[in-house]
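Hi there,

Here is the structure I promised to pass on. Please have it open while you read, and my notes follow straight after.

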Amino acid sequence: MEKTMYVVSACLIGEACRYNGEASLHPLVKELVDKGQVLAVCPEVLGGLSIPRPACEISGDRVITHDGLDLTDAYKEGAKKALDMALDAGCSRAVVKSRSPSCGKGVVYDGSFSGRLIPGNGVFAEMLVEFGIETITEDDLEVIWGWDEDA
């Protein structure tokens, strides 16, 4: 039986690629890595953004820094590259970093830089959903680990 391939936010496998230069290693994601079922991507880095980089939030249909710099194009470019990689690798599921303007699914920061969350998806997560890739965040992983991870 062929194993399911997961596209995963690279920070969740321990890569120090978050906006602040840190990682967010998640032990259940590490299990998938150990089984050889992970394609790790960082859409923000793929879009040409540096590590570290200014924190961003989604404001309307734009991705902006606290100072109002519009980085939407870099986010879209990186998301498209990451999606193409996921499709090429045959990924059918995704585990993405919660609340991120790239990878957040279900809720994202509202663009006010006040810590307020609103319903929505990050740029990459939205593309994954549009292409039919089952997508969750690391916050949901423990709750639904009933996913047949060996499928």
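Let me start with Arg99, which is partly exposed, with a relative accessible area of 26%. Please keep in mind throughout that this is a predicted model. Arg99 belongs to the loop that runs between β5 (93–96) and β6 (107–109). Its backbone caught my eye: phi of Arg99 is near 70°, so a positive value in a residue that is not glycine. Most residues other than glycine have a negative phi.

Arg99 also turns up at the largest pocket. There, 24 residues form the lining, and Arg18, Tyr19, Arg99, Ser100 and Pro101 are the ones that lie nearest the centre. The elements that contribute two or more residues to this lining are α2 and β3. The space in the pocket comes to about 390 Å³. Sorted by class, its lining has 14 nonpolar residues, six charged ones and four polar ones.

Phe113 is another non-glycine residue with a positive phi, in this case near 60°. You will find Phe113 in the loop between β6 and β7 (117–119). With a relative accessibility of 23%, Phe113 counts as partly exposed.

Next, a peptide bond to look at. Ile51 and Pro52 are joined by a cis peptide bond, with omega at about -10°. Most peptide bonds are trans. Pro52 sits in the loop between α2 and β3, and is exposed, with a relative accessible area of 52%. Which residues does Pro52 touch, if those up to four places away in sequence are not counted? They are Tyr19, Asn20 and Gly21. Tyr19 is also one of the residues that lie nearest the centre of the largest pocket. As for Gly115, 63 residues from Pro52 in sequence, the two C-alpha atoms are 20 Å apart in space.

Now to the helices, beginning with α3, which covers residues 72–88. At 1.5 Å a residue, its 17 residues should span 24 Å, and the C-alpha atoms at its ends are indeed 24 Å apart, so the two values agree. The buried residues of α3 are Thr72, Ala74, Tyr75, Gly78, Ala79, Ala82, Leu83 and Ala86. Because these cover an arc of only 160° around the axis, they lie on the same side of α3. What do the buried residues of α3 pack against? Their partners are the strands β1 (6–9), β2 (38–41), β3 (56–59) and β4 (62–65), together with the helices α2 (43–46) and α4 (123–130). On the face turned away from the buried side, α3 carries the exposed residues Asp73 and Asp88. After α3 comes Gly90, with a positive phi near 75°.

Helix α1 (residues 27–34) can be read in a similar way. Its buried residues are Leu28, Val29 and Leu32. They span an arc of only 105° around the axis, which means that they are on the same side of α1. What covers these buried residues includes β1, β2, β5 and α5 (138–141). The exposed residues Pro27 and Asp34 are carried by the face of α1 that is turned away from the buried side. Glu31 is also in α1, and is partly exposed, with a relative accessible area of 34%. Between the C-alpha atoms of Glu31 and Ile13, which are 18 residues apart along the chain, the separation is 9.5 Å. Gly36 follows α1 and has a positive phi, near 75°.

That leaves α4, one of the elements against which the buried residues of α3 pack. In α4 itself, Val123, Phe124, Ala125, Met127 and Leu128 are buried. Just after α4, Gly132 takes a positive phi of about 80°.

If you would like a place to begin, I suggest the loop that holds Arg99, between β5 and β6, followed by the cis bond between Ile51 and Pro52.

Happy reading, and all the best

Conventions. Residues numbered from 1 in each chain as written. Predicted model: local features only at pLDDT ≥ 70, side-chain atom pairs only at ≥ 80, totals over all residues. Heavy atoms only, no water. Helix = DSSP H or I, 4+ residues; strand = E, 2+ residues; numbered from the N terminus. Expected span 1.5 Å × (residues − 1). Buried < 20%, exposed > 50% of the residue type's maximum accessible area, 1.4 Å probe, protein only. Arc of directions from axis to C-beta. Contact = heavy atoms within 4.5 Å. 1 Å grid on protein atoms, 1.4 Å probe; cavity = no way out; pocket = protein on both sides within 12 Å on 5 of 7 lines; lining within 4 Å. Points joined across faces, edges and corners; volume = space filled by probe spheres on them. Nonpolar A, V, L, I, M, F, W, Y, C, P; charged D, E, K, R; others polar.
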